[in-house]
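Hi everyone, and thanks for making time for this. I'd like to walk you through a structure that may be new to you, so let's put it on the screen.

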Amino acid sequence: GVGLALCRRLLEEDGRIHLCIACRDTLKSQDTRDLILADHPDAQVSTIEVDVGSLASVLRAARELRCRFQQLDFVYLNAGIMPNPQVNFKALWHGLFTGKALRMLTTAEGIMTQTDRLNGDGLQEVFATNLFGHFILVRQLESLLCGNEKPSRLIWTSSSNARKSAFSLSDYQHAKGQESYSSSKYATDLTSVVLNRKFNDQGLYSSVVCPGLVMSNMTYRILPVFLWKLLMPIMWLIRFFAKIYTLTPYNGAEAHVWLFKQKPEYLDALVKYHSCTSGLGKNYVEPRQMDVDEETAEEFYQKLLELEKQALERYSDLLD
């Protein structure tokens with residue numbers, strides 16, 4: 001998916017970097033490393049095992065990273081899940097006759113639902129994996145991210161599906177709804193906004209990107225593979241009207257790589273950077289203002305801190 005494409009593209013930009021791949025499957029991470037080294041045999045590529053849906057795994061990984069490194073320049077927070085996605089074809093069909101079809105096809109608004117569940121930590125699985133595990137990782141790595149000679153960067157993979165209407169402060173884990181993915185991505189946007197306010201003066205900057213609609217393992221779970229193959233010619237045509245149909249992981253990583261080359265102090269903390277591909281196949285990045293309320297973002301951040309305190313009490317043996 002986007003993660004592997006991003007690794008390859010970062011090494012194309014700068015072959016001197018030390019790339020550390022974080023993956024929940026040790027064998028898969030080793031296979032990914034081998035694929036990268038096949039293209040870049042002289043690259044420095046290491047691996048670390050972490051499942052961001054498990055607090056114990058996150059804390060163990062953070063402790064190991066603190067032992068291995070003195071500083072982290074970039075942390076790409078890209079892991080995510082969308083369990084049991086369901087498409088409401090009736091709503092999509094209705095959208096075709098009400099002029100909302102293009103918006104539905106680009107944001108999945110009103111046509112995509114998921115079935116969530118509790119994980120082993122007693123948290124909603126999508127919230128834990130798509131946001132909270134990353135948040136805990138960042139908090140545990142503050143000593144490697146703050147106070148360095150040059151700025152450190154957090155780059156979160158969000159989505160055009162991140163919608164305020166799917167998020168609620170009173171149910172921020174989205175236990176009562178059916179759009180947990182959208183809620184978790186909107187929560188990601190809120191978190192990034194506050195992290196900038198809290199940590200920019202310590203040299204830590206946060207950005208969010210949208211990779212667009214990429215054909216990956218996550219996407220293929222939405223519809224049967226044979227149906228995707230039938231739809232692909234139509235999707236290539238749609239791209240003339242919907243530029244976020246990046247389709248390939250390489251294209252989807254465009255905004256991630258673009259941010260790698262920017263000076264963070266000149267970026268807008270309230271903007272999401274979208275990977276886009278023109279109908280003729282040209283990749284570019286489009287900044288779009290996020291629909292976030294800074295007061296809501298601060299309230300949500302305080303709730304994350306409260307949840308962090310409760311969660312870490314269970315794992316005091318994994319804390320320094």
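Let's begin with charged pairs. Searching the whole structure turns up 16 salt bridges. Please keep in mind that this is a predicted model. As general background, side chains of opposite charge can pair when their charged atoms come close.

Here is one of those pairs. Arg8 and Asp39 form a salt bridge, and their closest N and O atoms are 3.1 Å apart. Arg8 sits in helix H1, residues 2-13, while Asp39 belongs to helix H2, residues 26-39, so the pair links distant parts of the chain, 31 residues apart. How accessible are the two partners? Arg8 counts as partly exposed because its relative accessibility is 26%. Asp39 is also given as partly exposed, with 46% relative accessibility.

Before going further, let me step back for the overall picture. The secondary structure of the protein consists of 13 helices and nine strands. The protein has 320 residues, and 54% of them are buried. If we take contacts between residues at least 6 apart in sequence, 72% of them join residues at least 24 apart. The accessible surface is about 15700 Å², and carbon and sulfur atoms account for 52% of that.

Back to the salt bridges. The side chains of Glu298 and Arg197 meet in one, at 2.9 Å from N to O. Glu298 lies in helix H13, residues 294-312, and Arg197 lies in helix H8, so this pair ties together parts that are 101 residues apart in sequence. Arg197 has a relative accessibility of 40%, which means that this residue counts as partly exposed. Which residues are linked with these two in a network of salt bridges? The network consists of Arg197, Lys198, Glu294 and Glu298.

Next, a salt bridge that leads us into a loop. Glu179 pairs with Arg163, with the closest N and O atoms 2.6 Å apart. Both Glu179 and Arg163 are in the loop between strand S6 (152-157) and helix H8 (180-199), 16 residues apart. Is each partner buried or partly exposed? Glu179 is partly exposed, because its relative accessibility is 21%. Arg163 is buried, because its relative accessible area is 9%. The cut-off to remember is that buried means under 20%.

Let's stay in that loop, since His174 lies between S6 and H8 as well. His174 has a positive phi of about 60 degrees, although it is not a glycine. For context, most residues other than glycine have a negative phi. With a relative accessible area of 8%, His174 is buried. What does its side chain reach? A polar atom of the His174 side chain lies 2.9 Å from the backbone nitrogen of Glu179, and the side chain also reaches the backbone nitrogen of Gln178 at 3.3 Å. Leaving out residues up to four places away in sequence, His174 touches Gln124, Ala166, Glu179, Ser180 and Ser183. You'll recognise Glu179 there as the salt-bridge partner of Arg163.

Leu247 is another residue with a positive phi, about 70 degrees, and it is not a glycine either. You can find Leu247 in the loop between helix H10 (225-238) and helix H11 (249-252). Its relative accessibility is 3%, so Leu247 counts as buried.

Now for a charged residue without a salt bridge. Asp121 is in the loop between strand S5 (112-113) and helix H6 (125-140). Asp121 is buried, and the nearest side chain of opposite charge, that of Arg314, is 4.1 Å away. Why is there no salt bridge here? A salt bridge has to fall within 4 Å, so the 4.1 Å to Arg314 does not qualify. The Asp121 side chain does reach the backbone nitrogen of Leu55, at 3.0 Å. Setting aside neighbours within four places in sequence, Asp121 is in contact with Gly53, Ser54, Leu55, Arg314 and Tyr315.

Let's finish on the surface. Leu237, Phe240, Phe241 and Leu280 make a nonpolar surface patch of about 550 Å². One of these residues, Leu280, is in the loop between strand S8 (271-277) and strand S9 (283-289). Leu280 counts as exposed because its relative accessibility is 79%.

That's the tour. Thanks for listening!

Notes
Residues are numbered from 1 along each chain as its sequence is written. This is a predicted model: local features need pLDDT of at least 70, side-chain atom pairs count only at pLDDT 80 or more; totals for chains, interfaces and linings use all residues. Side-chain values use heavy atoms; hydrogens and water are left out. Patches are made of residues with over 30% relative accessible area and no salt bridge: like charges are joined within 9 Å, nonpolar side chains (Val, Leu, Ile, Met, Phe, Trp, Tyr) within 5 Å. Accessible areas come from the Shrake-Rupley method with a 1.4 Å probe; for residues, only the protein chains shown count as cover. Helices (H or I, at least four residues) and strands (E, at least two) are DSSP runs, numbered from the N terminus. Buried means under 20% relative accessible area, exposed over 50%, partly exposed in between (1.4 Å probe, protein chains only). Lys and Arg count as positive and Asp and Glu as negative; His and the chain ends are not counted. A polar contact is a pair of N or O atoms within 3.5 Å; within protein, one must be able to donate a hydrogen and the other to accept it, and residues adjacent in sequence count only if both atoms are side-chain atoms. Contact means heavy atoms within 4.5 Å.
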